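Colleague: Could you take me closely through the part of this model that surrounds the ligand, and then follow the charged side chains outward from there? I would like to know what touches what, and which residues are covered by the protein.

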Amino acid sequence: MANESSGSSSDSAFAPLSAAYWQGRYDAGATGWDRGAVSPTLGSWIGSGALPRGRILMPGCGRGHEVVALAGLGFRVTGLDFAPAAVREVRGRLAEAGLEADVVATDLFAYAPAEPFDAIYEQTCLCAFAPTQWEEYERRLASWLVPGGRLAAAFMQTSAPTGPPFSCPPDAMRRLFGTERWEWPDDLVPVPHPLGLVELTGILRRRPS
Ligand SMILES: C[S@@+](CC[C@H](N)C(=O)[O-])C[C@H]1O[C@@H](n2cnc3c(N)ncnc32)[C@H](O)[C@@H]1O
């Protein structure tokens, strides 16, 4: 995704990107964000037991490598995406693997789950939004979690002033996910992304309100 000329919007065009835009990226094969495999971050979180085994949501799940992996590990997973190609692919992968997960085709800014989740896995979804949408997204993430629920986050770092991907630098993330609502880990762990970028990863806890 990074700096792919087919996808960048200009500074003056921070309007929300539509489902048609993202579908166009899949149609064009312009999906550089996709590792083609599960992020190594997930393996370390699973290994350390940091993710509670319960209901977990992956908003903007894309092709859903992590959705399939988590379902295979016994998590009750919901993947959500509004690009039809992404939804089709993740459903196909689940069927091939003989696994079950909910795959919801909707705009996450209109999503209201029937029950809150124990955890959310946020990976390259926040960076798909212009900063003007971040506060609304943060409020939604908080509302989708049980008190004490975990937000497993991979914050994309880029040096570009525009996006997607919009850079999610740590100081901006600490302001966005403020300590009145979120407990932070001591450190964020850098994880290389195949685009030549770095994600800063860590698990935040939603404070009981
Ligand atoms: C950069 S991709 C990341 C995909 C996946 N998280 C990954 O790491 O491979 C962003 C995904 O979010 C989806 N998306 C963007 N805005 C969305 C919205 N408002 N509602 C639902 N899905 C959205 C896009 O269709 C796309 O599949």
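Modeller: Y26 counts as buried because its relative accessibility is 10%, where the cut-off for that word is under 20%; as with everything that follows, this comes from a predicted model. Y26 sits in helix α1, which spans residues 19–28, and, once residues up to four places away in sequence are set aside, Y26 touches T31, W33, G62, R63, D81, A83, A85 and A86. One of these partners, R63, stands 37 residues from Y26 along the sequence, yet the two C-alpha atoms are 9.7 Å apart in space.

Y26 also belongs to the surroundings of the ligand, which is ringed by 19 residues, the closest being Y26, G60, D81, Q123 and T124. Several backbone atoms come up to nitrogen atoms of the ligand: a backbone N or O atom of G60 lies 2.7 Å from one such nitrogen, a polar backbone atom of L108 is 2.9 Å from a ligand nitrogen, and a polar backbone atom of Q123 is 2.7 Å from a ligand nitrogen. Taken alone, the ligand would expose 600 Å², and the protein buries 98% of that area.

D81, another of the closest residues to the ligand, is placed in strand β2, residues 76–81. D81 is buried and nevertheless has no salt bridge, with the nearest side chain of opposite charge, that of R63, 9.9 Å away. What the side chain of D81 does reach is the backbone nitrogen of A83, at 2.9 Å. Leaving out residues up to four places away in sequence, the contacts of D81 are Y26, G60, C61, G62, A86, V87, V104, A105 and T106, so that Y26 and D81 each appear in the contact list of the other, where contact means heavy atoms within 4.5 Å.

T124 completes the set of closest residues I wish to describe here. T124 lies in the loop between β4 (117–123) and α5, and it is buried, with a relative accessible area of 14%. The backbone of T124 deserves a careful look, as its phi is near 50°, a positive value in a residue other than glycine. Most residues other than glycine have a negative phi, and most peptide bonds are trans. Elsewhere in the model, a cis peptide bond joins G163 and P164, with omega about 0°, and another cis peptide bond joins P164 and P165, again with omega about 0°. P164 is in the loop between β5 (145–157) and α6 (170–176), and P165 is also found in the loop between β5 and α6.

Turning to the charged side chains, a search of the whole structure finds nine salt bridges. R63, which touches Y26, forms one of them with E89, the closest N and O atoms being 2.9 Å apart. This pair links distant parts of the chain, since E89 is in helix α4 (residues 84–97) while R63 is in the loop between β1 (55–59) and α3 (65–72), 26 residues apart. R63 counts as buried at 17% relative accessibility, whereas E89 counts as partly exposed at 28%. E89 also meets the side chain of R93 in a salt bridge, at 3.6 Å from N to O; R93 and E89 are separated by about one helical turn, because they are four residues apart in helix α4. R93 counts as partly exposed, at 29% relative accessibility.

A salt bridge with similar spacing along a helix joins E136 and R140, whose closest N and O atoms are 2.8 Å apart. Both lie in helix α5 (residues 134–144), four residues apart, about one turn of the helix. Returning to R63, salt bridges that share partners join D34, R63, E89 and R93 into one network.

R55, in strand β1, can be set beside D81, for R55 too is buried yet has no salt bridge. The nearest side chain of opposite charge to R55, that of E115, is 4.1 Å away, so this pair falls outside the 4 Å limit for a salt bridge. The side chain of R55 instead reaches backbone oxygens, that of E115 at 3.1 Å and that of P116 at 2.6 Å. Beyond its neighbours within four places in sequence, R55 is in contact with R76, E115, P116, F117, D118 and A119.

Notes:
Residues are numbered from 1 along each chain as its sequence is written. This is a predicted model: local features need pLDDT of at least 70, side-chain atom pairs count only at pLDDT 80 or more; totals for chains, interfaces and linings use all residues. Side-chain values use heavy atoms; hydrogens and water are left out. Helices (H or I, at least four residues) and strands (E, at least two) are DSSP runs, numbered from the N terminus. Buried means under 20% relative accessible area, exposed over 50%, partly exposed in between (1.4 Å probe, protein chains only). Lys and Arg count as positive and Asp and Glu as negative; His and the chain ends are not counted. A polar contact is a pair of N or O atoms within 3.5 Å; within protein, one must be able to donate a hydrogen and the other to accept it, and residues adjacent in sequence count only if both atoms are side-chain atoms. A residue is near a molecule or strand if one of its heavy atoms lies within 4 Å of it. Accessible areas come from the Shrake-Rupley method with a 1.4 Å probe; for residues, only the protein chains shown count as cover.
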